[in-house]
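The following note is offered to a colleague who is meeting this structure for the first time. Please read the numbered points with the model in view.

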Amino acid sequence: MAAFEFDIHQVIKECSIALSNWWFVAHLTDLLDHCKLLQSHNLYFGSNMREFLLLEYASGLFAHHSLWQLGVDYFDYCPELGRVSLELHIERIPLSTEQKALKVLRICEQRQMTEQVRSICKILAMKAVRNNRLGSALSWSIRAKDAAFATLVSDRFLRDYCERGCFSDLDLIDNLGPAMMLSDRLTFLGKYREFHRLYGDKRFVDAASLLLSLMTSQIAPRSFWMTLLTDALPLLEQKQVIFSADQTYELLRCLEDLTSGRPVHGEPDAQQLQDDDIETTKVEMLRLSLARNLARAIIKEGSLEGS
């Protein structure tokens, strides 16, 4: 009867009650609004009837595991509350697979939803860390511009290097570019990899300068100093003098700072004693090698001045 009497609002009301979902009333209201046949009135939360029904229909689509992407388009056509509603629904989507996460990420990036992009990248980075996929974790943390998490992943890379003696995901580390400036630890990771590349290319002087700068600039974590000093050993034992006298003094100072700042343990166990013996042997080798290099460097520099 309401339809015959052209009582549009009553028709919409009765259809909303009778039908099982919002599809019909949302599209009917949208058509009537575009035809200027619906005298919309603002509802108490600031939206009109057309937008209210579209929002309800879009929300229903988001509850469906395979139709949620259609809901995004409906939210886009709601000028008042569409974006806010989309942001709220996006945050509730379960990122069950990386493929689904990439779809959600693309939707957010297309709409400049910066906070949601950052949040999704953080979630994916944490999942990658839990699965020990460090390269993926670092990539996501850089994309999220999360300095703290990038530092955590960089520490994992360095710990992994100490255990295995080589880097994983070399392509990623070699191509960090400006992204390495996100955190000091990430910068160190990129520069330390550069040191290995220079050493592999037999550019020993450049490698030595970079190694020393990593220590003297305090960018290297103190826990990694012994590894860096050990890396200096092959350079100290080269036939040609690589480290100058001043550079050797700096290395000696770093070694003394490191050894004088060691914590005093309580009653040591067998493993602790063995580790201490290894560290003591390393320190003695370094002192001997540094002293020998210092003598060679002083003689070389003195002979150059004399000539």
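How many disulfides does the structure hold?

1. The model under discussion is predicted. It holds zero disulfides. A disulfide is a covalent bond between the sulfur atoms of two cysteines.

2. Cys 121 illustrates the absence of such a bond. The closest cysteine sulfur to that of Cys 121 belongs to Cys 108 and lies 9.4 Å away, which is too far for a bond, given that a disulfide requires the two sulfur atoms to be within 2.5 Å.

3. The surroundings of two cysteines may also be noted. Cys 121 has a relative accessibility of 0% and therefore counts as buried. For Cys 162 the value is 46%, so that Cys 162 counts as partly exposed.

4. As regards the overall fold, the secondary structure of the chain consists of 15 helices and zero strands. The chain has 307 residues, of which 40% count as buried. Among contacts with a separation of 6 or more, 59% are between residues 24 or more positions apart.

5. The chain exposes about 17800 Å². Carbon and sulfur atoms account for 55% of this area.

6. Helix 4, which spans residues 68-76, merits separate inspection. Its buried residues are Trp 68, Gly 71, Val 72 and Phe 75. These residues lie on the same side of helix 4 because they cover an arc of only 110° around the axis. The partners against which the buried residues of helix 4 pack are helix 3 (49-62), helix 5 (82-90) and helix 6 (98-110).

Note on methods. Residues are numbered from 1 along each chain as its sequence is written. This is a predicted model: local features need pLDDT of at least 70, side-chain atom pairs count only at pLDDT 80 or more; totals for chains, interfaces and linings use all residues. Side-chain values use heavy atoms; hydrogens and water are left out. Buried means under 20% relative accessible area, exposed over 50%, partly exposed in between (1.4 Å probe, protein chains only). Helices (H or I, at least four residues) and strands (E, at least two) are DSSP runs, numbered from the N terminus. The arc is that of the directions from the helix axis to the C-beta atoms. Contact means heavy atoms within 4.5 Å. Accessible areas come from the Shrake-Rupley method with a 1.4 Å probe; for residues, only the protein chains shown count as cover.
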